[in-house]
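Welcome! Please open the structure in your viewer and get ready to select a few residues as we go.

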Amino acid sequence: MSRLPADAETVLLPLARSAIERAVGLDAPVATDLPRWCREDGASFVTLHLDGRLRGCIGSLSAYRPLAADVSRNARAAALDDPRFAPVTAQEAPDLHLEVSVLSSPEPLPAGSEAEVAALLRPGVDGVVLEGRGRRGTYLPQVWAQIPEPAAFLRHLKAKAGLPADWWGEDVRVCTYTVRSFEEGQP
């Protein structure tokens, strides 16, 4: 995908908002005449907050469909299909705070031990994908704000993936990515 323009949020945030509103039965416009960059394949996560609390987060780790479609489908899924939450209601939708994160391609982290991985991570910069024992979990770079210490970050990520916090095996695969994120109400 080509570089995102400086004003990408003026397209991506309304796309996400509209997809959620339509998904919960509200009347919302359907975007047409999207810019070229939005029609190129891209990977995104859409995060929803309500009253300062997480209300849903769903995304794609790899670019396999046009970014506009990825954002729209992930917004709908974050509102209706995040297994941690009941579906968003039409009454809640207007009060949601949306964040759209556009991901770079994940790159393997060349490290063997957990200590080596922790030493290579860049807090606040790297999103991390951890795979092992047939399980996978990811944290966006924004999660560093809650878990700023790399070893703790990895322990929590293993737990999210359904792995024991003290486990590290030969089949562990760690990749990192960066994001450009856009939030409603942010300059």
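**Stop one: the nonpolar core**

This is a predicted model, and our tour starts inside it. Select Leu-12, Leu-15, Ile-20, Trp-37, Cys-38, Leu-48 and Val-71: these residues have the most contacts inside the largest nonpolar core, which has 29 residues. Now colour the elements that give two or more residues to this core: α1 (9-23), α2 (36-39), β1 (43-50), α3 (67-80) and β3 (97-103). Which of them gives the most? That is α1, with seven residues.

Next, select Leu-48 and show its neighbours. Leaving aside residues up to four places away in sequence, Leu-48 touches Ile-20, Arg-53, Leu-54, Arg-55, Gly-56, Ala-78, Ala-79, Val-88, Leu-96, His-97 and Leu-98.

Then move on to another core, which lies apart from the one you just visited. This second core has 19 residues; select Val-128, Leu-154, Leu-163 and Val-172, which are among them.

**Stop two: the sheet**

Switch to a cartoon view and look for an open sheet of four strands, in the order β4-β7-β5-β6, with antiparallel pairing. Strands of a sheet pair through backbone hydrogen bonds. Select β4 (107-108) and β6 (135-139): they stand at the edges, each with a single partner strand, so one side of each has no neighbour in the sheet.

Now follow β5 (residues 127-132), which pairs with β6 in the antiparallel sense over five bridges. To see one of these partnerships, select Gly-132 and its bridge partner in β6, Arg-135.

Finally, select helix α5 (residues 150-160), which packs on the sheet and touches β5 and β6. The direction of α5 makes about 130° with that of β6.

Methods
Residues numbered from 1 in each chain as written. Predicted model: local features only at pLDDT ≥ 70, side-chain atom pairs only at ≥ 80, totals over all residues. Heavy atoms only, no water. Core = buried A, V, L, I, M, F, W, Y, C linked by side-chain atoms within 4.5 Å. Buried < 20%, exposed > 50% of the residue type's maximum accessible area, 1.4 Å probe, protein only. Contact = heavy atoms within 4.5 Å. Pairing = 2+ DSSP bridges. Axes fitted to C-alpha atoms, helices over the stretch in contact; angles between N-to-C directions.
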